[in-house]
Amino acid sequence: MSRWRKAASSWLLRRLPRQQQLVLGQSRIYLLPTTFGWGLLLVAWAVWIGALNYAVSLAYVLSFWIVSLVLIAVVLAYRQLAGLAIRCGAPDDVVAGSHALFPLQLQWPEGESRLLRLGWHDEAGGVVLDRPGEVLLPRLTLQRGQMTIPPLRVYSESPLGLVRAFAYLRLQTQVCVYPLPCADERAAASLPDGGQLREQQPVPGELFSHLVAWQPELGARRIAWKAYARRGVLLARRFEEPQAARATCLLEWSAYPAEMAAEARLSRLCWQLLAAARRGEDVVLRLPQQELRLTAGEVRPGLRALAGFGVRDAQ
Amino acid sequence: MRSEPRLAHFAVLAALALTVLPLFLQLPPWVPLLFALQLGGRAWLAWQGRQLPHRVWLLLAMIVPVLLLWLSLRTLVGREGGVALLLLLTGFKAFETVTLRDWRVLLGLGFFLAATPLLFDQSLPSALWLLLSLFVLTWAMVLLAGVDSAASPRAAALALLYAMPLMLLLFVAMPRLPGPLWSMPTMDQRATSGLSDSLAPGSIGQMIPSREPAFTAQFRGRQPVREQLYWRVMVFDRFDGARWTAGSVPDSGAALLPGVAGELSYSITATPFKGALPVLEHAVWAGEGVQQVAAQLVRRIDARNEARLRYDVRSVAQAAYPAALSAEQRDHYLQLPAANLRTRQQGEFFARQFRDEAGRLAALRAWLQQQGLRYTLSPPLLQGDVVDDFLFSSRQGFCEHFASAFATLARAAGLPARIVVGFQGGEFNAGGQFWLVRSSDAHAWTEVWLQGRWQRVDPTALVAPSRIVSEVGELVPEAQAVVPVLGRRPPQWWHTVHAQWQRAGFVWQQWVVDYDARRQQSLFQRLGLGRVGVGSVMTLLLLGGVLLVLPLLLWLLWRRPPARSYPVRGWLLLVSRLQQAGVAAVASDTPAQLRDKAVLLAPVLQQQLARLLADWQQWRYAEGATDADPRWRGWWWQVRRFRPPRLAAKKRTGR
């Protein structure tokens, strides 16, 4: 990409608003002749010169037909992109250094044949699409945090290859990038059983706990009739039993040497978190200004907290 | 489905082959044949998926055909040489096409090659061929762009069709140049269609069997009769005993005849015969681009330009025109070589016998008629004293023999005489209202100077009058129209079809091939735009753009709103009916909300509404419900018939 092109496209991208989803219209579609288009115009010019000199009327016809074809190709290429609706679904969280897969949905009216190429604005190539649907576009994640989907480029040279219609898209989807786990041999601190930090996990049981809104699947037996008589709303009684105690693992930000970088700490905490989950332990994750209590098997909130640590509004 | 790239590659090669097919008729056949072989070889390599030959080998292999080309044509530029060289180079280019970009370059060359057959031929068939070539080239282009192979022919045809109005507009409006940018290469005239610059036994005879069109003429107003159609092209006045040529006549320039009533006004489209153009005897006025020169001839102003031309002339159809001859000119037109002794004696006999020149001419004519001459296209070959042999021994010949003999006779009799070569007659195309003159109408006659006037004497008409009043084909079997292949005399329908085809060719010639700077000028004036200039061209382009191209663009860019299904349409209609009745319904209401809002309607209407809504709810949300359910149509019609009257303002349900 030449310097000017780079400058032009970055200028274009700067002024684009981020959108949840968008439909391409004339204000977003750019049209430029391809090299082939310029080449064919050159051919038309040569034929025209020949026609002028040799007074060959039919050569004028040929020359003007080629020119008209290039001009019509502008409209036909525009039609390839016009009315294209694009949105991005929620991507799955990834670990830093692997590819995030962005599910992009492209829709256009049925029955219109289109041939598009969708890719990242700074990478050549892309995925070829010839019918509406969803494509997964992979993008390498470089660092932990919240990664917003990079600008996309959708383009088409169909049906003649003479003019390229393209549009840049800035969508709003974000993907959560976990820190890359880094083995931490240091044993995590454990809290005593039934520690005060442990949360009571509700498990259906015998003892009455509280009232909840009644729903048909709960059955008539569970309706709290007294409450209905008093308040006129259908409520259901809920019974629970205290859960059996389990080992709890304490993961602390401050447990590492003071000179350790934040990312290194997060990577180690991530490793510890995953290890605790494998062992089936409850986890207490203490980060500066944040404390999470996680029951066994509940890793995602912890990982997300690690991913989102210190991230306010990442690009 | 995307097409396979290999198919696109084959399509490019096929398009190239198809495009240059007409060149087989114009170039040495081995050139297009080699080109076809090159394309075939490239296609075979693509089919087998083999490696392309190295570039060095290509360069070496190129030397032989280019050398051969130079040996056979003695040139590598100009029309034949340039086209042949381009063809060979394109063929070698095909062997180094690998990437998509290469294939596109090759295709671009194909578009350029499509112009080359037009340099040789611009007839209607070659226009149709151009159309076919364009379609196949565009099809290859569409395939290269990756469009599905099944949809590609349609896409190509549509693209060409959309481009056509713009092309037509540019064709009409783009200014033409009146002359070439650089000197035109000499285009070789084909021997069959041209008159030669001398008259010897057989020079016209060889033209007569050819039915090739020579020129067309279109008369405005009065049409001529057949006997008046003497198309004058060249005048020969020097005789060496066997051959008549044009001498350097010390003539006094063009004699402009006074225009008289009943003159014929017409335009001719013709290719110059050595600079000379046909004109009906005798021209009184010549239009733009041509000029009248000595001996009542008409020539192109830029005499070296051999291109086809359309020009306007006015003529008075008469057999004589006044001209003064000086003594020197008189001597020139009386010169005779020593040969043909008997003819000269015969002439001198008449000169002695008839003092009066008019009487002498009449006697010469009468004498010629009595000689028992026979009109035939295959006379015995004459040598030596050709006129003596013809008049006194073989007595068989056609126009050139008669003309040559009569001119010799007249000169010997002391009457200044010369030979006029041109065409006589023509075929009237009633559909197109034009006269088509063919090679077979070529004719030669004499002019005798008498009493201050050049008087036409057509000895052929004296001997074989039917030659003048009817078509030459009736007299000479060789010049008859025959059905190709079958070789029989054609049936009536064939004549009709043939006439229509000629008419199409004429219109084509008039409006497409001959649409040049002059014609463009006259069209602009007819459209009221004045002279061809920046302003008028812009006006025409804008006008045409608004009328032709803009509607097309709007149609192309217009996006149809998505078709709504019956349930959706019906629902929206129902809501609007309720709104008209004064119910504050909105499209986002649920059926229950609509029912509640419509409580002020008459009970009957409420029942109707309830039924409609119940059906809607049931069919829309039932298990396996689709919008394609046939019941929806009936339901939609019920909604259309549901017209609640407007509620009184006071009773309207508030929001």
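## Chain B at a glance

Of the 655 residues in chain B of this predicted model, 34% count as buried. The chain carries 23 helices and 20 strands. If you look at its contacts with a sequence separation of 6 or more, 70% of them link residues 24 or more positions apart.

## Membrane annotation on chain B

The UniProt record, an unreviewed entry, marks several stretches of chain B as "transmembrane region": residues 7-24, 56-73, 103-120, 127-147, 153-174 and 528-558. Two of these are worth checking against the model. Residues 103-120 of chain B come out as 89% helix and 0% strand, and 28 Å lie between the end C-alpha atoms. For residues 153-174 of chain B the figures are 95% helix, 0% strand and 30 Å from end to end, again between C-alpha atoms.

## A buried threonine in a loop

Now for a single residue. B:Thr97 sits in the loop that runs between α4 (78-93) and α5 (100-113) of chain B. Is B:Thr97 buried or exposed? B:Thr97 is buried, because 20 other C-beta atoms lie within 10 Å, and the cut-off for buried is 20 or more.

Who does B:Thr97 touch, once residues up to four places away in sequence are left out? The contacts are B:Asp102, B:Trp103 and B:Leu106. There's also a link in space to another part of the sequence: B:Arg42 is 55 residues away from B:Thr97 along the chain, yet their C-alpha atoms are 9.1 Å apart.

## The six-stranded sheet

Chain B has an open sheet of six strands, and reading across it gives the order β9-β12-β6-β2-β18-β17 with antiparallel pairing. At the edges are β9 (283-286) and β17 (427-429) of chain B, each of which pairs on one side only. Going from one strand to the next, the twist averages 30°.

Zoom in on one pair within that order: β2 (residues 213-220) and β18 (residues 434-438) of chain B run antiparallel and are joined by four bridges. Here B:Phe215 faces B:Val437 of β18(B) across the pairing. As a rule, side chains in a regular strand alternate between the two faces of the sheet. A helix comes into the picture too: α17 (residues 492-513) of chain B lies across β2, β6 (264-270), β17 and β18 of chain B, and makes an angle of about 80° with β17(B).

## Around β20 of chain B

Strand β20 (residues 453-457) of chain B has an antiparallel partner in β13 (residues 320-322) of chain B, with three bridges between them. In that pairing B:Tyr321 stands opposite B:Trp454.

Strand β20(B) also pairs with β19 (residues 442-450) of chain B, antiparallel once more and over five bridges. One of the pairs here matches B:Thr446 with B:Val457 in β20(B). What is the sign of phi at B:Gln451 in the hairpin of β19(B) and β20(B)? The phi is positive, near 50°, and the hairpin has two residues between its strands.

## Chain A at a glance

Chain A has 315 residues, and 33% of them are buried. Its secondary structure adds up to six helices and 18 strands. Among its contacts with a separation of 6 or more, residues 24 or more positions apart account for 71%.

The domain assignment splits chain A into domain 1 (3-177), domain 2 (189-199 + 245-307) and domain 3 (203-241). Taken over C-alpha atoms, the centres of domain 1 and domain 3 of chain A are 58 Å apart.

For chain A, the unreviewed UniProt entry lists residues 29-51 and 57-78 as "transmembrane region". The model makes residues 57-78 of chain A 100% helix and 0% strand, with the end C-alpha atoms 32 Å apart. Residues 29-51 of chain A are 74% helix and 17% strand, and their end C-alpha atoms are 36 Å apart.

## Where A meets B

How many residues does each chain bring to the contact? Chain A puts in 41 residues and chain B puts in 45. On the chain A side, α2 (35-54) and α3 (57-81) each supply at least two residues. The largest share is that of α3(A), with 17 residues. Sorted by class, the side of chain A that touches chain B holds 29 nonpolar, nine polar and three charged residues.

Methods: Residues numbered from 1 in each chain as written. Chains lettered and ligands numbered in written order. Buried ≥ 20, exposed ≤ 12 C-beta atoms within 10 Å, placed from the backbone. Contact = placed C-beta atoms within 7 Å. Nonpolar A, V, L, I, M, F, W, Y, C, P; charged D, E, K, R; others polar. UniProt positions renumbered as here; feature names shortened; annotations may be inferred. Domains from an automatic or database assignment. Pairing = 2+ DSSP bridges. Axes fitted to C-alpha atoms, helices over the stretch in contact; angles between N-to-C directions.
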